[in-house]
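Let's take a friendly first walk through this structure. Have a look at it, then read on.

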Amino acid sequence: SRIGDNYYIFDEYLPENCAREQLVKVIKAKNDKKIITAIWGDPAGDATNDSGVSTVQYMSSQGLTVHYSTETKKRSIPAGVEVVRSLICDAAGIRRLFIDVDRCPQTTDAFESYSYPDKITTDEPYKDGLWDHPMDAIRYLMVNVHGVGIPATAWVTGGERDIRGPS
């Protein structure tokens, strides 16, 4: 949730091997109070799978609108990690990202367990298949809503995608 310049993570759903049909059911059930204002996703979610329908297309067919960006700088993992870091504590010491640790234990664990290789050969964190998923989800949201310091013209011309579900 975003209130002013602050972001609050107050709920989580981090299942293993969740079918998209189940994910849609959970999103719709959690949204019975209309608290979900947007869904931001990985651009890879619009890739067609064996069924011939991408996850983004499926969610759209179920009435959900999924936003994502194909703009290269916004998809940069190091740039996204820096955006999240700056929201945890910026250069002025201001914190703008808050987590309900009681309601979001896996997200809290992900922040505490996110790591980089011992030998600095890359500026990208480990893709461990566990902690990287919640961190990727946070990164997708933050770089798309908060930005990565790209010029305003890139927002207009730079590959934004907005797949809308039926009204």
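## Reading the labels

A quick word on names: helices (H or I, at least four residues) and strands (E, at least two) are DSSP runs, numbered from the N terminus. Alanine 137, for instance, sits in helix α6, which covers residues 132-145. With a relative accessibility of 40%, alanine 137 is partly exposed. Its C-alpha atom is 7.8 Å from that of aspartate 42, though 95 residues separate the two along the chain.

## How far to trust it

Keep in mind that this is a predicted model. Mean pLDDT for the protein comes to 77, with 80% of residues at 70 or more. Confidence peaks in strand β5 (residues 97-99), at a mean of 90, and bottoms out in helix α7 (residues 152-157), at 37.

Over residues 150-167, pLDDT stays under 50, although the model has 44 contacts there beyond four places in sequence. Where pLDDT is low, the predicted coordinates should not be read in detail.

## One aromatic pair

How many aromatic pairs does the structure hold? Just one. Tyrosine 8 and phenylalanine 98 are stacked, with 5.3 Å centre to centre and 20° between the planes. The pair joins distant parts of the chain: tyrosine 8 belongs to strand β2 (residues 6-9) and phenylalanine 98 to strand β5, 90 residues apart.

Tyrosine 8 is partly exposed at 32% relative accessibility, and phenylalanine 98 is partly exposed too, at 27%.

## Cysteines

Searching the whole structure turns up zero disulfides. Cysteine 18 is partly exposed, at 30% relative accessible area, and cysteine 89 is also partly exposed, at 45%.

Methods. Residues are numbered from 1 along each chain as its sequence is written. This is a predicted model: local features need pLDDT of at least 70, side-chain atom pairs count only at pLDDT 80 or more; totals for chains, interfaces and linings use all residues. Side-chain values use heavy atoms; hydrogens and water are left out. pLDDT is the predictor's confidence in each residue, from 0 to 100. Contact means heavy atoms within 4.5 Å. A disulfide is a pair of cysteine sulfur atoms within 2.5 Å. Buried means under 20% relative accessible area, exposed over 50%, partly exposed in between (1.4 Å probe, protein chains only). Rings of Phe, Tyr and Trp (its six-membered ring) pair if their centres lie within 6.5 Å; planes under 30 degrees apart count as stacked, over 60 as edge-to-face and the rest as tilted.
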